Amino acid sequence: MGGDEVPRVVMCVDMDAFYASVELRRHPEWRDVPMWVGGAHRGVVLSANYPARAFGVRGGMSSTRARRLCPHAVCAPPDFDAYTEVSAGIVAVLETFTAKVESASIDEAYLDLTGSERTVGPAALLGERIRAIVHDEQGICCSVGIGPNKLVAKMACNAAKPDGLREVAPADVVAFLHPQPVGNLVGVGESTGARLGPLGVVTVGDLAALPRSAVQAAFGLRAGALLHDLAWGRDHSRVVARPGERGVGCQETFGRDLLDDERVHAELLRVVVKVTSRMRAAGVLGRTVTLTLRYADFRTVSKALTLPAPTDLTDEVYDVARHLYAILRTPRSPVRRVGIRVTGLADIGAVSLQPTLDAPDRGWRDAERAADNVIRRFGPTAVRRAVLTRRERP
C-alpha cells in the first residue's frame, strides 16, 4: 500500500430474514410464531423468521424437512413484487450517502465509503443512521458490517446479526477472523470445509497457519491462493456501483388505492419529507425532482422538473411534486404508489445559497434542521406536518 493511499472503508448492509420480514409487516400477528416464506409442504424455504430458525429451519431447506422440524409453523407464499419494491427503497436510502453502492443481491448491498468521512461522518454513525432509516421507512431490520474490504465487512455483518452493527478496524482483522470456525469464512462452503477437515483445519486461524503451498496443493494454484488470502483477511475486490446518476429517493405503496387528490397530496408530502430529511442528513442539495405514479392497473408514469437553484427544503420539493402530479394525473384512475427522486446532487459546502433580499436571518432551513434533530432523538412521530397528523397512512 502506498504511503499516500487512503485506507478503504467498506460497509455491508444485509436485511435480516428479508422475505420473512417483509411478510411480517403485513402480518404482525406472526411476529412471535415460527413462519417461513416458500412452499407449505412442497418446494423450498426461501426465508425463515428467527422463531422458526430456533427449530432448525433455514433458507434453502426443503419444505418437507422444515415441516418435520416445525409442524406448527405458518407458511406464506412469496410475493416477489413486494420484495423487489422494498429492496429498491432500501437501495435508494443507501444511495443518499454515496454513489458507490453495489447491490449484491435483493437483500444485501455494499457501500464504498473510502474518504467520505468528512462529508457523511464516521462509518459506524452512518451505519446506525441507515439502520434507523430502513426500520422507520420500510419496517424491517438490517445488520451492518464495516471493514477495510468486502470480505471483512461481510463477516462483520454476519457477526452483527440479527439487528446489529459491527466495525472491524484494519489492525483488528486477524484477531477478528482467526478464532472463528472455518465454516464462517466467506467462500468456504460445506464441500470446501469437508476437504479442509483432513488437513487439521478447524478455525480460520488454522487455515491461515498452513503454508500457502499446502493449500494450493489441496485446492489448486488459483483457488488455494484465494483461500489463503481470505484466511488473512485479504480481499482486493471492489465495490461495483450500478450505472446511473446518484440520487435521493423514496416511494410509498398505499394500503389501498387512492382516488381522492387531497389524500394523494398528503401521502406525497409524507414521501417528500423523508427524501428532504435524508438529503439534509447527507449534507446534499438537489436540482432535479422526478415524480413517479403507479396506478391501480399497474400503469406507471413519471416526469421530472429541474429547479433554477439546488435545494433541500421540503416545501420547495413538495411544490414541484404537486406541479408534476397535476400534469401526470389521470382523472378517475386510482393511485397505487407515489415515488419522489431528487438528482443533480451537490455537497452543501460546495454550493453558494443566495438568499432573497426579504429573507429572514433564520428561516425554513434552520427550522427543518431543528426538526430533524428532534426526530433523530425522539423518533419519526416527534415532529410532523399538521396534515400528516390529521391523515394517518391508509
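## Close-up views of a predicted model

**Figure 1. Strands S1 and S6 pair inside a five-stranded sheet.** Strand S1 (residues 10-15) and strand S6 (residues 108-112) run antiparallel and share 5 bridges. Helices (H or I, at least four residues) and strands (E, at least two) are DSSP runs numbered from the N terminus, and two strands pair if DSSP finds at least two bridges between them. This is a predicted model, in which local features need pLDDT of at least 70, side-chain atom pairs count only at pLDDT 80 or more, and totals for chains, interfaces and linings use all residues. Residues are numbered from 1 along each chain as its sequence is written, and side-chain values use heavy atoms, with hydrogens and water left out. To find your place in the pairing, look for Cys-12, which stands opposite Tyr-110 in S6. The open sheet of 5 strands has the order S5-S6-S1-S7-S8, with mixed pairing. Its edge strands, S5 (101-105) and S8 (165-167), each pair on one side only. From one strand to the next, the twist averages 15 degrees. Axes here are lines fitted to C-alpha atoms, for helices over the stretch in contact, and angles run from 0 to 180 degrees between N-to-C directions.

**Figure 2. Helix H7 lies across the five-stranded sheet.** Helix H7 (residues 150-160) lies across S1, S5, S6, strand S7 (142-147) and S8. The helix runs at about 140 degrees to S7. Follow the chain onward to Pro-162, placed in the loop between H7 and S8. The peptide bond from Lys-161 to Pro-162 is cis, with omega near -5 degrees. For context, most peptide bonds are trans.

**Figure 3. A second open sheet has 3 strands.** The order of this sheet is S3-S2-S4, and its pairing is mixed. Strand S3 (45-48) and strand S4 (74-76) are the edge strands, each pairing on one side only. Here the twist averages 30 degrees from one strand to the next. Strand S2 (residues 35-38) and S4 pair in the parallel sense over 3 bridges, and Trp-36 stands opposite Cys-75 in S4. S2 and S3 run antiparallel and are joined by 3 bridges, with Gly-38 opposite Val-45 in S3. The hairpin of S2 and S3 has 6 residues between the strands, and Gly-43 in the turn has a positive phi of about 85 degrees.

**Figure 4. Helix H1 meets the three-stranded sheet, and Tyr-19 in H1 stacks with Tyr-83.** Helix H1 lies across S2, S3 and S4 and runs at about 110 degrees to S2. Rings of Phe, Tyr and Trp (its six-membered ring) pair if their centres lie within 6.5 Å, and planes under 30 degrees apart count as stacked, over 60 as edge-to-face and the rest as tilted. By this rule the count comes to 5 aromatic pairs. The rings of Tyr-19 and Tyr-83 have centres 4.4 Å apart and planes at 15 degrees, so this pair is stacked. Tyr-19 lies in H1 (residues 18-26) and Tyr-83 in helix H4 (residues 80-94), so the pair ties together parts that are 64 residues apart in sequence.

**Figure 5. Helices H11 and H12 cross obliquely.** The axes of H11 (residues 212-219) and H12 (residues 221-231) come within 7 Å and cross at roughly 135 degrees. The two helices are therefore oblique to each other (angles under 35 degrees count as roughly parallel, over 145 as roughly antiparallel, 65 to 115 as roughly perpendicular and the rest as oblique). Their crossing is right-handed (the near helix is turned clockwise from the far one by less than a right angle; anticlockwise would be left-handed). Contact means heavy atoms within 4.5 Å. Arg-212, Val-215, Gln-216 and Phe-219 in H11 meet residues of H12, among them Leu-221, Leu-227 and His-228. The residues of this contact divide into 6 nonpolar, 3 polar and 2 charged (Ala, Val, Leu, Ile, Met, Phe, Trp, Tyr, Cys and Pro count as nonpolar, Asp, Glu, Lys and Arg as charged, and the others, Gly among them, as polar).

**Figure 6. Helices H13 and H14 also make a right-handed crossing.** The axes of H13 (residues 261-282) and H14 (residues 314-328) come within 9 Å and cross at roughly 140 degrees. H13 and H14 are therefore oblique to each other. Residues of H13, including Leu-268, Leu-269 and Val-272, meet residues of H14, including Val-317, Tyr-318 and Tyr-325. By class, the contact has 9 nonpolar, 3 polar and 3 charged residues.
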